[in-house]
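Visitor: I would like a close look at one part of this model, the place where its helices pack against one another, taken slowly and residue by residue. Please begin with one helix pair and work outwards from there.

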Amino acid sequence: MRRGVSLQDISDGRLYRAEDWVRADAGGCQGCFFCCCHTARAIVLDPLDVARLTHGLRLSFEQLLQQYVELGVEEGLLLPHLRSEGREERCVFLNAEGRCAQHALRPGICRLFPLARYYDAQGLHYIIQKNECVKKNRKLIQVQTWIDMPQLAQYEHFVKQWHDFRIRAVQQAGGDLKGLNLYLLRVFYQTPWEEAAFYQQFAARLKQAEDDLGI
Ligand code: SF4
Ligand code: SF4
């Protein structure tokens, strides 16, 4: 969740879990592509997003950076996000018909919208953002159905680990964010991921990173 705003400011004030039902189903969006414009900088890619894009598009991370992705600063860290184009700042994957050309490979943040993630001491929750999706009368749908991510329990564990690790890494780095950024980019983005068993690979890299960074 963005800092400096309350839960009630941006949502219905409720926290949801994967098995809960929520009014998020935009019914195929029916020609709307509002949330695929002016948002690309906010679509920050995690290592799984990049693993799926590199395999799905048969590109290296460096090739992704040349065409579809750029680096931006997110809470002190240099992380990849999707590129945008034109005055409408259309996401680079938005096609001429206003549909996502890479729907099967879309990043985790796109899978959520109009949901978002919320972290607290109890773990990962979801919130429904108000004033973000322009479609009225959205239908009820189970959070896990809406996200449509295989191996959801493992995915949520990864999302929480990656979130917590970044916070601890920034705290540990103190002022040396340049060194941390170079390390994170190399270990979690530039070094290719094997196509199978992402979560096992991530666990091994995370353990190594915690050792290397002393966290
Ligand atoms: S990746 Fe697809 S769903 Fe996500 S912003 Fe781009 S066009 Fe929209
Ligand atoms: S704003 Fe809502 S209806 Fe429009 S594209 Fe996004 S999710 Fe679909």
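**The helix packing around α6, α7, α8 and α2**

Guide: In α6, the residues Q154, Y155, F158, Q161, W162, F165, R168, A169 and Q172 meet F198, Y199, F202, L206, A209, E210 and L213 of α8. Sorted by class, the residues of this contact between α6 and α8 comprise 11 nonpolar, 3 polar and 2 charged. The model is a predicted one, and everything that follows should be read in that light.

Two packed helices are described by the angle between their axes and the distance between the axes. For α6 and α8, the axes come within 11 Å and cross at roughly 15°, which makes α6 roughly parallel to α8. The crossing in which α6 passes α8 is left-handed.

The next pair keeps α6 and exchanges its partner for α7. Here the packing angle is about 150°, and the axes of α6 and α7 lie 9 Å apart; the two helices are therefore roughly antiparallel to each other, the cut-off for that term being an angle over 145 degrees. In this pair α6 passes α7 in a right-handed crossing. From the α6 side the contact is formed by W162, F165, A169, V170 and A173, which meet L177, L180, L184, F188 and Y189 of α7. By class, this contact of α6 with α7 has 10 nonpolar residues, with no polar and no charged ones. W162, F165 and A169 of α6 appear in the contact with α7 and also in the contact with α8.

Helix α7 itself spans residues 177-190, and its buried residues are L180, N181, Y183, L184, L185, V187, F188 and Y189. These buried residues pack against helices α2 (47-57), α3 (61-67), α6 (152-173) and α8 (198-213), and also against the strands β2 (69-74) and β3 (77-82). L182, by contrast, lies in helix α7 but is exposed, with a relative accessible area of 55%. The C-alpha atom of L182 is separated by 8.4 Å from that of L78, a residue 104 places away along the chain.

Helix α2 is the remaining member of this account. Of the 11 residues of α2, 9 are buried, so the helix is largely enclosed by the rest of the structure. The buried residues are P47, L48, D49, V50, A51, R52, L53, T54 and L57, a list that includes D49 and R52, both of which count as charged. The elements against which the buried residues of α2 pack are α3, β3, α4 (108-112), α6, α7 and α8.

One of these partners, α8, can be followed in more detail. The axes of α2 and α8 are 11 Å apart, and the helices pack at an angle of about 130°, which makes α2 oblique to α8. The crossing of α2 and α8 is right-handed. P47, L48 and A51 of α2 make the contact with F198, Y199 and F202 of α8, and by class it has 6 nonpolar residues, no polar ones and no charged ones. F198, Y199 and F202 of α8 thus take part in the contact with α2, and they are also among the α8 residues that α6 meets.

H55 also lies in helix α2. Leaving aside neighbours within four places in sequence, H55 is in contact with W193, E194 and E195. H55 and E195 are 140 residues apart in sequence, whereas their C-alpha atoms are 6.7 Å apart in space.

On the N-terminal side of α2, the loop between β1 (21-25) and α2 contains F34. Not counting residues up to four places away in sequence, F34 touches E132 and V134; F34 and E132 are 98 residues apart in sequence and 9.1 Å apart in space, C-alpha to C-alpha. F34 and V134 are also among the residues around ligand 2, where they are joined by A26, C29, C32, F33, C35, F113, C133 and K135. By class, the shell around ligand 2 has 9 nonpolar residues, no polar ones and 1 charged one. The shell around ligand 1 has 9 nonpolar residues, with no polar and no charged ones, and its members are C36, I43, L82, C91, F93, L94, C100, P107 and C110.

Definitions and conventions:
Residues numbered from 1 in each chain as written. Chains lettered and ligands numbered in written order. Predicted model: local features only at pLDDT ≥ 70, side-chain atom pairs only at ≥ 80, totals over all residues. Heavy atoms only, no water. Near = heavy atom within 4 Å. Buried < 20%, exposed > 50% of the residue type's maximum accessible area, 1.4 Å probe, protein only. Helix = DSSP H or I, 4+ residues; strand = E, 2+ residues; numbered from the N terminus. Contact = heavy atoms within 4.5 Å. Axes fitted to C-alpha atoms, helices over the stretch in contact; angles between N-to-C directions. Parallel < 35°, antiparallel > 145°, perpendicular 65-115°, else oblique. Left-handed = near helix turned anticlockwise from the far one by under 90°.
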